[in-house]
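Student: Could you take me through one part of this structure closely? I would like one helix and the rings around it.

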Amino acid sequence: MSTAAAPVRTLRAGTVLADLIPSSRARDVTLVVGGAALTGLAAQISVPVPGSPVPVSGQTFAALLVGTALGARRGFLALALYAVAGMAGVPWFAQATSGYAMPSFGYILGMLLASTVVGALARRGADRSVLRTAGAMVLGSAIIYAVGVPYLALATGMTLGQAVAAGLTPFLIGDALKAALAMGALPAAWKLVGRKG
């Protein structure tokens, strides 16, 4: 009696986690809407920071996770939907707010760019190991701050130093914890599906 090994399905280069779901237009629409909704839900996990108009929230983590899991194009579309719907009045920005005339709106614009960048990195395997995932999350967070902090300074009349003190420094420990969660979750998801690259 001979035993044949089960065929191993290999994934083409550039695969992200969302690509493991059978391809269809309905899949892509569902992933984009789901990514926007996840970001909106995570934004409601929000804690005010004394002396800062920017709260600590789960939306930055969700935005980076969405970009990494969906890839650059779908990640961009999900965060664009999140931003446009929030500007149109859907109260799913941090602390159930909406609109674009708020000092923290620059962070949302930064999340749009960051989700695209980390999605592109994920297509190059940045979500498959702990160290590469850490690098992608750090870069994504840096992009969010690179847009959000100057926007905060312009919107409030703060100096750049004041904006860094109010809109960056208080968030570094939380961002480190979020990166640690991603460092464990994304490579573990690839191991779970048996497709670690």
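Tutor: **Helix α4 and its rings**

In α4, the buried residues are Phe105, Gly106, Tyr107, Ile108, Gly110, Met111, Leu112, Ala114, Ser115, Val118, Gly119 and Ala122. Buried means under 20% relative accessible area, exposed over 50%, partly exposed in between (1.4 Å probe, protein chains only). Helices here are DSSP runs (H or I, at least four residues), numbered from the N terminus.

This is a predicted model: local features need pLDDT of at least 70, side-chain atom pairs count only at pLDDT 80 or more, and totals for chains, interfaces and linings use all residues. Residues are numbered from 1 along each chain as its sequence is written, and side-chain values use heavy atoms, without hydrogens or water.

What covers the buried residues of α4? The cover includes α2 (59-70), α3, α5 (130-156) and α6 (160-167).

Now the length. The 18 residues of α4 should span 26 Å at 1.5 Å a residue, and its end C-alpha atoms are 26 Å apart, which agrees. The expected span is 1.5 Å times one less than the number of residues.

Next, the rings. Phe105 joins Tyr82, Trp92, Phe93 and Tyr151 in one aromatic cluster. The structure holds five aromatic pairs. Tyr82 and Trp92 form a tilted one: 5.4 Å centre to centre, 45° between the planes. Tyr82 sits in helix α3 (residues 72-87), and Trp92 in the loop between α3 and α4 (105-122), ten residues apart. Rings of Phe, Tyr and Trp (its six-membered ring) pair if their centres lie within 6.5 Å; planes under 30 degrees apart count as stacked, over 60 as edge-to-face and the rest as tilted. Tyr82 counts as buried because its relative accessibility is 0%. Trp92, at 16%, counts as buried too.

Methods:
Helix = DSSP H or I, 4+ residues; strand = E, 2+ residues; numbered from the N terminus. Contact = heavy atoms within 4.5 Å.
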